[in-house]
Amino acid sequence: MRQRGHIRRARRAKIAAQVDRELPGLAAGERRRVLEERLREQVAIEAEDLAWRQDRARAEQARRDAARAAARERVERERQEAAAADAVRQALPCEDCGRQRSAGLCEVCDHRRQTETLIGEAGLLAAAGSADLADPGSVAAATSEARAAINNSIAAAWHEFLQITDVAALEADPGAARDAYAFTAFETARQSIQEFQDPALAELGRTEAAEVEARRAFKAEQGRPWFQHNPTGADAVAATTKAADAARERVARYLLATRLEKLREQTAARTDTAAAAPWTTGCRHSSCAR
């Protein structure tokens, strides 16, 4: 209230000053009449401006409310559409084994696909590390050896699993047995990737290209000023060795990536389909043979 009183007094003083500037010499009564008339006009102008601003604010608020409501409706509609699409997808049978309501691919078949992919990748790693890429027989031998090794690892892992599980329960629930076997195969294949990558990198790290780069890095490190002051010190030896090893590893990783790309191109170019994965029939357990 006090602030509004200040505003009114300030407005009155401002308009009174304008009247005195524009109409000097008015009698007191005439001056008061003109002042009151101009005050009424100013109040009317300010009231109109306030009404306009309030109308605009209400319109803007209505626009924001409508936009929020439309956004909520859109989100809800998209949620319902996504839920409906997911319900349809969940109802699809597995495209590999036909199991109903498997969202197009049941967990067992998904693990089988991933396992086959991993076995294929392990075979490529094995071939990239040791095979003559220009010799299809050499590549086939390396990939077959890798596949056989993983197959043996899967069989061993499954045997270990059977030693610690309730075999009678597996016999009573063939579906659970298939799930367990598929997961065991997948985990074994996944862990094998590193087991094949490390030897491949080690083999490629012994190539002439890797050795040349290692020697270059070694000499570059020897040329540093700090090395010249103490070339036989433990720190100097460690630094040059580390530089050489890092250079050798860089080349090995580059060669591995290059050879893998070439192998994938060769694989894609072949028209013959790959043989069925041995691990799919590798389980000797009766419940998994069904």
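**Helix packing around H3 in an all-helix model**

In this protein, residues 24 or more positions apart account for 60% of the contacts with a separation of 6 or more. Please keep in mind throughout that what we have here is a predicted model. The protein contains 9 helices and 0 strands, so that, read from the N terminus on, its elements run α-α-α-α-α-α-α-α-α. Of the 290 residues in the protein, 27% are buried, and the accessible surface comes to about 19000 Å², with 54% of that surface belonging to carbon and sulfur atoms.

Let me turn to helix H3, residues 107-130, and to two of its packing partners. Two packed helices are described by the angle between their axes and the distance between the axes, and I will give both values for each pair.

With helix H4, residues 136-164, the axes of H3 come within 8 Å and the crossing is at roughly 135°. That angle makes H3 oblique to H4, since an angle has to be over 145 degrees to count as roughly antiparallel. The crossing of H3 past H4 is right-handed. On the H3 side, the contact is made by Thr115, Glu116, Ile119, Ala122, Gly123, Leu124, Ala126, Ala127 and Ser130, while H4 contributes Val139, Ala142, Thr143, Ala146, Arg147, Ile150 and Ile154. Sorted by character, the residues of this contact between H3 and H4 divide into 10 nonpolar, 4 polar and 2 charged.

The second partner is helix H9, residues 234-269, which packs against H3 at an angle of about 120°, with the two axes 9 Å apart. H3 is therefore oblique to H9 as well, and this crossing, too, is right-handed. Here H3 offers Glu121, Leu124, Leu125, Ala127 and Ala128, whereas the residues from H9 are Leu256, Arg259, Leu260, Leu263, Arg264 and Thr267. The contact of H3 with H9 divides into 7 nonpolar, 1 polar and 3 charged residues.

Now to single residues, beginning with one on H3 itself. Is His111, a residue of helix H3, buried or exposed? His111 has a relative accessibility of 9%, and because buried means under 20%, His111 counts as buried. If we leave aside residues up to four places away in sequence, the residues that His111 touches are Ala182, Phe183 and Phe186.

A residue on H9 can be described in a similar way, namely Ala247, which has its place in that helix. Ala247 counts as buried, at 0% relative accessibility. Which residues does Ala247 touch, not counting those up to four places away in sequence? They are Glu213, Ala214 and Ala217. We can also set sequence against space for this residue, since Ala247 and Ala210 lie 37 residues apart in sequence, yet 7.3 Å apart in space when taken from C-alpha to C-alpha.

Finally, I would ask you to look at the loop that leads into H3. Arg101 is found in the loop between helix H2, residues 28-91, and H3, and Ala103 also has its place in the loop between H2 and H3. Arg101 has a positive phi of about 50° although it is not a glycine, and Ala103, likewise not a glycine, has a positive phi of about 55°. As for accessibility, Arg101 is exposed, with a relative accessible area of 59%, whereas His111 in helix H3 is, as I said, buried.

Methods
Residues are numbered from 1 along each chain as its sequence is written. This is a predicted model: local features need pLDDT of at least 70, side-chain atom pairs count only at pLDDT 80 or more; totals for chains, interfaces and linings use all residues. Side-chain values use heavy atoms; hydrogens and water are left out. Axes are lines fitted to C-alpha atoms, for helices over the stretch in contact, and angles run from 0 to 180 degrees between N-to-C directions. Helices (H or I, at least four residues) and strands (E, at least two) are DSSP runs, numbered from the N terminus. Angles under 35 degrees count as roughly parallel, over 145 as roughly antiparallel, 65 to 115 as roughly perpendicular and the rest as oblique. A crossing is left-handed if the near helix is turned anticlockwise from the far one by less than a right angle, and right-handed if clockwise. Contact means heavy atoms within 4.5 Å. Ala, Val, Leu, Ile, Met, Phe, Trp, Tyr, Cys and Pro count as nonpolar, Asp, Glu, Lys and Arg as charged, and the others, Gly among them, as polar. Buried means under 20% relative accessible area, exposed over 50%, partly exposed in between (1.4 Å probe, protein chains only). Accessible areas come from the Shrake-Rupley method with a 1.4 Å probe; for residues, only the protein chains shown count as cover.
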